[in-house]
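Reader: I am new to this structure. Please walk me through the labels it carries and the reasons behind them.

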Amino acid sequence: MLQIAPSILSADFLRLGQDIEMVNRSEADWLHFDVMDGEFVPNISFGFPVMAAVSKLTTKPMDVHMMVVSPERWIGKVASLGARMMTVHQEACPHLHRTIQLIHEAGMLAGVALNPGTSISTLEEVIADVDLVLIMTVNPGFGGQKFIPSMIDKVRRTQQMIKAHNAHAIIEVDGGINPETGKQISEAGATVLVAGSNVFKSENPIETIATLRRL
Ligand code: DX5
Ligand code: ZN
């Protein structure tokens, strides 16, 4: 079965509590947080006060996707909010190996995200150390964008690299995921699907989450 991480970026912020309770009742595996700084990506989403409030209500492991420059500044803060997983962008981390170590020392699983234009070869030296590779299937910054089909082969090659290194990392994909794109990319090796608009804009989000899990 696939793992599904609904992204609250697409939730209704006026009824955020209700949307979190919906996710609690669903089969979702993780809750995905998109933190943006207006510098690494051309948008600003929400920050720690919102995450702190949600952390009190959610029953799902928190999967924090940091789209910010120098994410290592926030490792302690993210850990203190109870996050299970902290994912940083390779493009934002000149000292990626150290950042991964610090995330582990803070007691979290460590993920590394790659923008669509970044080669998987940039992960070669750290692949054995990471718990998760997040392949962006859109350019990060916004929900509701169109899935980039060439990322299917990128996931396939990432899976091969993980195998070749005898590494334990799992592959998460993020952006434009719906039942059709989710099926294609899971066949290529992704096991965790982030889904924002497809879940929160659907008529029956609980059913949508169940459908995605069983692709
Ligand atoms: C994009 C974010 C995604 C976004 C996905 O920058 O990282 O997590 O919320 O939204 P959808 O599923 O609508 O593409
Ligand atoms: Zn994300």
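Author: Start with a rule for rings: those of Phe, Tyr and Trp (its six-membered ring) pair if their centres lie within 6.5 Å. By that rule the count here is three aromatic pairs. Keep in mind that this is a predicted model.

Reader: Why is the pair of Phe33 and Phe46 called edge-to-face?

Author: The centres of Phe33 and Phe46 are 6.4 Å apart, and their planes make 80 degrees. Planes over 60 degrees apart count as edge-to-face, so an angle of 80 degrees earns that label.

Reader: What makes this a link between distant parts of the chain?

Author: Phe33 sits in strand β2, residues 31-36. Phe46 lies in the loop between β2 and α2, 13 residues apart from Phe33.

Reader: Are Phe33 and Phe46 buried or exposed?

Author: Both Phe33 and Phe46 are buried.

Reader: Why is the pair of Phe48 and Trp74 called tilted?

Author: The planes of Phe48 and Trp74 are 50 degrees apart, with 5.6 Å from centre to centre. Stacked needs under 30 degrees and edge-to-face needs over 60; the rest count as tilted, and therefore 50 degrees is tilted.

Reader: Where along the chain do Phe48 and Trp74 lie?

Author: Phe48 belongs to helix α2. Trp74 is in the loop between β3 (62-67) and α3 (75-80). The two are 26 residues apart, and the pair links distant parts of the chain.

Reader: How do you know whether Phe48 is buried or exposed?

Author: Phe48 has 18% relative accessibility. Buried means under 20%, so Phe48 counts as buried.

Reader: And why is Trp74 called partly exposed?

Author: Trp74 has 31% relative accessibility. That lies between the 20% limit for buried and the 50% limit for exposed, so Trp74 is partly exposed.

Reader: Which residues do ring pairs link into a cluster?

Author: Phe13, Phe33 and Phe46.

Reader: How do you know whether the whole chain agrees with a compact globule?

Author: A compact globule of 215 residues would have a radius of gyration near 17 Å. The chain has 16 Å, so the value agrees. Its C-alpha trace spans about 40 × 35 × 30 Å along the principal axes.

Reader: How many helices and strands does the chain have?

Author: Eight helices and eight strands.

Reader: What share of the residues is buried?

Author: Buried residues make up 55% of the 215. As for the surface, the chain exposes about 9400 Å², and carbon and sulfur atoms supply 51% of that area.

Notes: Residues are numbered from 1 along each chain as its sequence is written. Chains are lettered from A and ligands numbered from 1 in the order in which they are written. This is a predicted model: local features need pLDDT of at least 70, side-chain atom pairs count only at pLDDT 80 or more; totals for chains, interfaces and linings use all residues. Side-chain values use heavy atoms; hydrogens and water are left out. Helices (H or I, at least four residues) and strands (E, at least two) are DSSP runs, numbered from the N terminus. Buried means under 20% relative accessible area, exposed over 50%, partly exposed in between (1.4 Å probe, protein chains only). The radius of gyration is taken over C-alpha atoms; the globule rule is 2.2 Å times the number of residues to the power 0.38. Accessible areas come from the Shrake-Rupley method with a 1.4 Å probe; for residues, only the protein chains shown count as cover.
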